[in-house]
Amino acid sequence: MKINNHIEVSHKYDFDDDFTYEQLMIIKKKEPWLLKQLAMNYFWIFCQLIMPEMYNEDHLYLREVCHFIQGSWQDPAAKFVTLSIPPQHGKSLTLNLFSLYLLILDKKIRIFNLSYNEDYAIEASKNLLDRIKAVKEDETQIIFPTVCHN
């Protein structure tokens with residue numbers, strides 16, 4: 001199995017991103033490099049590791065949202081994405097985490113966050129900066145410990 005087109009992996013793990021949080025913690029203990037590769041390749045796994053209380057088996061619809069967002073980002077034909085999800089179902093949180101995910105993968109990327117409300121836009125920006133700072137300051141953080149916050 002190839003990950004990121006440059007690391008050859010032959011392992012007992014199935015790389016379809018269908019892991020529970022408990023399984024991810026076992027991988028973290030046994031092979032931390034593998035967990036980092038999984039999170040770099042699968043936005044859903046990244047979300048599970050950042051917020052396991054929200055991205056779990058109880059919210060499997062968020063898995064589909066994560067796949068849709070990541071797939072749309074990787075599809076050169078996709079010019080825009082529309083999400084129609086009821087209120088309080090995690091769409092803003094997921095999009096904010098996707099911004100974090102993209103910034104971690106590519107520090108030179110520019111992200112424009114459009115909001116219906118100035119207060120929400122400010123809150124979303126602060127949350128993103130706080131998450132970047134938390135990832136940077138957590139010495140036990142296995143995922144992307146080199147992200148910088150300026």
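Is Asn127 buried, partly exposed or exposed, and at what relative accessibility?

**View 1. Asn127 in its helix.** In this predicted model, Asn127 counts as partly exposed because its relative accessibility is 31%, a value that falls between the 20% under which a residue is called buried and the 50% over which it is called exposed. The residue belongs to helix α6, which covers residues 118-137. Leu97 stands 30 residues away from Asn127 along the chain, and the C-alpha atoms of the two residues are 9.6 Å apart.

**View 2. The largest pocket and its lining.** The largest pocket encloses about 1200 Å³ of space, and its lining is made up of 35 residues, with Lys91, Ser92, Leu95, Asn96 and Asn113 lying nearest the centre. Two or more lining residues come from each of the elements α4 (60-74), α5 (91-105) and α6, and α5 contributes the most, with eight residues. Sorted by class, the lining of this pocket holds 19 nonpolar, eleven polar and five charged residues.

**View 3. The chain as a whole.** The secondary structure consists of six helices and two strands, which follow one another along the sequence in the pattern β-β-α-α-α-α-α-α. Of the 150 residues in the chain, 36% are buried, and among contacts with a separation of 6 or more, 58% join residues 24 or more positions apart. The chain has an accessible surface of about 9800 Å², and carbon and sulfur atoms account for 53% of that surface.

Key:
Residues numbered from 1 in each chain as written. Predicted model: local features only at pLDDT ≥ 70, side-chain atom pairs only at ≥ 80, totals over all residues. Heavy atoms only, no water. Helix = DSSP H or I, 4+ residues; strand = E, 2+ residues; numbered from the N terminus. Buried < 20%, exposed > 50% of the residue type's maximum accessible area, 1.4 Å probe, protein only. 1 Å grid on protein atoms, 1.4 Å probe; cavity = no way out; pocket = protein on both sides within 12 Å on 5 of 7 lines; lining within 4 Å. Points joined across faces, edges and corners; volume = space filled by probe spheres on them. Nonpolar A, V, L, I, M, F, W, Y, C, P; charged D, E, K, R; others polar. Contact = heavy atoms within 4.5 Å. Areas by Shrake-Rupley, 256 points an atom, 1.4 Å probe, with all protein chains shown as cover.
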